[in-house]
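Colleague: Got a minute? I'd like to go through this one with you.

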Amino acid sequence: MRAKLITTALLSGVIMAFAPGVVLGQTMDKKGTSPYVTHFVFRPLMSIDVPDTGTVTPLEAVGTTENMKGEKMFDKMSAHCAALSVASGAKKYIDGACVLADKDGDQIFSTFDTRDVDKAQPEMNCGTHVITGGTGKYKGITGTEPFACMAMPALAGAGGYTAMDIPHNTSWEIK
């Protein structure tokens with residue numbers, strides 16, 4: 001009897017270790033709307049001044065995400081983006097691409113454009129991400145992410161680093 005109890009306990013432990021989502025009843029939704037904020041630090045890589053035209057600055061941005069509803073999707077992920085900031089007369093925009101990674105190493109890919117603003121969501125007035133795919137549990141993900149830009153205080157020290165919170169209102173689907 002005791003051996004049977006120990007065997008059952010060990011088997012239960014093995015199942016929990018290798019399939020906690022199945023054992024605990026956790027499933028990942030295949031579609032949803034997720035409001036989240038990315039807390040970014042931007043690093044200018046260089047700057048090119050074109051006389052009588054403007055300035056082009058490649059940027060690197062890194063940060064972490066926080067789901068505003070406390071849900072798992074888009075929460076506690078690392079964010080890494082590359083972007084190009086263009087300022088030429090009245091034209092000022094930033095285009096780029098990002099990778100979000102979760103604790104398992106699974107990734108979500110997106111591009112963004114600050115000229116593409118969703119007029120239906122006036123509070124998301126800074127641009128739109130387009131989710132282009134992912135790996136692992138996010139394979140087949142698509143969606144759109146209108147976003148806002150909330151400047152943070154200037155960072156101390158040299159290098160021109162800036163910080164910004166970027167709230168997103170994401171509609172996504174995994175096919």
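Modeller: Sure, let's talk about the disulfides and then a surface patch; keep in mind that this is a predicted model.

Colleague: OK, how many disulfides does a search of the whole structure find?

Modeller: Two turn up. One joins Cys81 to Cys98, with an S to S distance of 2.0 Å. Cys81 sits in strand β4 and Cys98 in strand β5, 17 residues apart.

Colleague: Are Cys81 and Cys98 buried or exposed?

Modeller: Both Cys81 and Cys98 are buried.

Colleague: And which hand does that disulfide have?

Modeller: The torsion about the S-S bond of Cys81 and Cys98 is about 110°, so that link is right-handed.

Colleague: What about Cys126, which cysteine does it form a disulfide with?

Modeller: Cys149, and the sulfur atoms are 1.9 Å apart. Cys126 is in the loop between β6 and β7, and Cys149 is in the loop between β8 and β9, so the pair ties together parts 23 residues apart in sequence. The link of Cys126 and Cys149 is left-handed, with -85° about the S-S bond.

Colleague: Why does Cys126 count as buried?

Modeller: Because its relative accessibility is 16%, and buried means under 20%. Cys149 has a relative accessible area of 30%, so it is partly exposed.

Colleague: Changing topic: which residues make the nonpolar surface patch?

Modeller: Val41, Val62, Leu155 and Tyr161, covering about 280 Å².

Colleague: Where is Leu155?

Modeller: Leu155 is in the loop between β9 and β10. At 35% relative accessibility, Leu155 counts as partly exposed.

Definitions and conventions. Residues are numbered from 1 along each chain as its sequence is written. This is a predicted model: local features need pLDDT of at least 70, side-chain atom pairs count only at pLDDT 80 or more; totals for chains, interfaces and linings use all residues. Side-chain values use heavy atoms; hydrogens and water are left out. Patches are made of residues with over 30% relative accessible area and no salt bridge: like charges are joined within 9 Å, nonpolar side chains (Val, Leu, Ile, Met, Phe, Trp, Tyr) within 5 Å. Accessible areas come from the Shrake-Rupley method with a 1.4 Å probe; for residues, only the protein chains shown count as cover. A salt bridge is a side-chain nitrogen of Lys or Arg within 4 Å of a carboxyl oxygen of Asp or Glu. Helices (H or I, at least four residues) and strands (E, at least two) are DSSP runs, numbered from the N terminus. Buried means under 20% relative accessible area, exposed over 50%, partly exposed in between (1.4 Å probe, protein chains only). A disulfide is a pair of cysteine sulfur atoms within 2.5 Å.
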